[in-house]
Amino acid sequence: MRAVRLEAIGDMVMRMVEKPNAGPGEVVVRVLAAGICGSDRHMHKGEYPTAIPVTLGHEFCGLVEEVGESVSSFVGGELVTVDPNIACGTCSACRRGRPNLCANLKAIGVTRDGGFAEYVAVPCGQAFTLPPDLDPVHGAFCEPLACCIHAIDKAQIRPGDSVAILGGGVIGLLMVQLARLAGADQIILITRQLSRREAALRLGATQALDPTASDAVAAVKDATGGGVDVVIECAGVPETLQTGVRMARRGGAFILFGVTPAGQEVPVPPFDLLVNEVEIRPAYLNPFTHARAAAMVASGILELDSLVTKTIGLEDVADVVGSAPSTGEIKVIVRP
Ligand SMILES: [Zn+2]
Ligand SMILES: [Zn+2]
């Protein structure tokens, strides 16, 4: 079968590999749709650790094609979304109910072969059934959505709250929709690209700001009478971290979601954080949220079609992952 392999940092190539078999407790999924994620670009550049050589692709949806020994939850033919993060269940973090902080975390499409391929073998406990008539492209959104739901849980948004979201990529645009569904009253999206600001306004943002055109911190404080209840940082660049913490109201929360390159340091003002009691809450991965993401996608409550800006085949994955996102890009979907 064809698979897109990360062979070395900066070296990704599509080639023929053995089709996987379902080992005990595993199912083999025929991939129908897979999303390209910012993390894939980080892995390609060596900014996020992987087990090279490996087939990338951690956001995918497909049909159960083969069922391994001792699997009772699938018979074959089910449409499934896969939670890529596999916790060990026995380390101290796992035993404290924090599987996203597992000391032995493995991940499909990161440390074991993933979904930029025709087939992928996954532990059956990682697969979640979707309605058979669901568009598999929607199914490919479950993984990023599950991570966003964890951030929304951490944000503890209450009806009537004000929320600022920094970054207008697929994550920022999912966060806009989730903040609206959580009952936020004011939702301010901050991003440079006009097309993304327009998309945010269509999807439920009440205001969209260009940080290069004006002082976004002042504009947010002005619009909310002193700062928002919740800031969600989804860009992962020093600038948005630094401006983001200043957008929170006194006693507000700053949700750290964007992935900055490992080792990156960013100066922050501890005195201001202290006297304003701004709570910095990181939201990493998707602990216990994949089933809720699958339920939301199945319900059709989210607008996902307009987030897909390009659909490609496996032969073009290496090119797209190896280059910076093109202007206007929101989500690129791979259809093997
Ligand atoms: Zn991802
Ligand atoms: Zn563990």
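In this predicted model, the zinc ion (ligand 2) is held by four protein donors, the SG atoms of Cys88, Cys91, Cys94 and Cys102, which lie 2.3 to 2.4 Å from the metal. The angles among these four donor atoms run from 101 to 119°, and the site is tetrahedral. As a point of reference, the ideal angle for four tetrahedral donors is 109.5 degrees. Along the sequence, the donor residues of the zinc ion (ligand 2) follow the spacing C-x2-C-x2-C-x7-C. Two of them, Cys88 and Cys102, are 14 residues apart and link distant parts of the chain. Cys88 belongs to the loop between β7 (85-86) and α2 (92-95), whereas Cys102 belongs to the loop between α2 and β8 (106-107).

Are these two cysteines buried or exposed? Cys88 has a relative accessible area of 31%; because this value falls between the cut-offs of 20% and 50%, Cys88 is classed as partly exposed. Cys102 has a relative accessibility of 8% and therefore counts as buried, a class that requires a value under 20%.

The second metal site has another set of donors. Which residues coordinate the zinc ion (ligand 1)? The donor atoms are SG of Cys37, NE2 of His58 and OE of Glu59, at 2.1 to 2.3 Å. Their spacing along the chain is C-x20-H-E. Here too a pair of donors links distant parts of the chain: Cys37, in the loop between β3 (26-36) and α1 (38-44), and His58, in the loop between β4 (54-55) and β5 (59-67), are 21 residues apart. Both Cys37 and His58 are buried.

Helix α1 contains Gly38. Gly38 has a relative accessible area of 41% and is thus partly exposed. Its C-alpha atom is separated by 9.5 Å from that of Ala324, although the two residues are 286 positions apart along the chain.

The backbone also deserves attention. Most residues other than glycine have a negative phi, and most peptide bonds are trans. Against this background, the bond between Ile52 and Pro53 is a cis peptide bond, with omega at about 0°. Pro53 is situated in the loop between α1 and β4.

Two residues that are not glycine have a positive phi: Glu277, with a value near 45°, and Leu285, with a value of about 60°. Glu277 is in the loop between α9 and β16 (279-282), and Leu285 is in the loop between β16 and α10 (290-299). What is the accessibility class of each residue? Glu277 is exposed, because its relative accessible area of 61% is over 50%. Leu285, by contrast, is buried, because its relative accessible area of 13% is under 20%.

The surface can be considered next. Phe271, Leu274 and Val275 make a nonpolar surface patch of about 330 Å². Val275 is part of helix α9 (residues 270-276), and at 39% relative accessibility it is partly exposed.

Finally, the chain may be viewed as a whole. According to an unreviewed UniProt entry, residues 7-334 are covered by the annotation "domain: Enoyl reductase (ER)". Over these residues the chain is 28% helix and 27% strand, and the C-alpha atoms at the two ends are 19 Å apart.

Terms used
Residues are numbered from 1 along each chain as its sequence is written. Chains are lettered from A and ligands numbered from 1 in the order in which they are written. This is a predicted model: local features need pLDDT of at least 70, side-chain atom pairs count only at pLDDT 80 or more; totals for chains, interfaces and linings use all residues. Side-chain values use heavy atoms; hydrogens and water are left out. Donors are N, O and S atoms within 2.8 Å of the metal (3.2 Å for Na, K and Ca); water is not among the atoms, so sites may look incomplete. Four donors count as tetrahedral if all angles lie between 85 and 135 degrees; four count as square planar and six as octahedral if opposite donors are over 155 degrees apart and all others between 65 and 115; anything else is irregular. Helices (H or I, at least four residues) and strands (E, at least two) are DSSP runs, numbered from the N terminus. Buried means under 20% relative accessible area, exposed over 50%, partly exposed in between (1.4 Å probe, protein chains only). UniProt positions are given in the numbering used here, feature names are shortened, and annotations may be inferred rather than shown by experiment. Patches are made of residues with over 30% relative accessible area and no salt bridge: like charges are joined within 9 Å, nonpolar side chains (Val, Leu, Ile, Met, Phe, Trp, Tyr) within 5 Å. Accessible areas come from the Shrake-Rupley method with a 1.4 Å probe; for residues, only the protein chains shown count as cover. A salt bridge is a side-chain nitrogen of Lys or Arg within 4 Å of a carboxyl oxygen of Asp or Glu.
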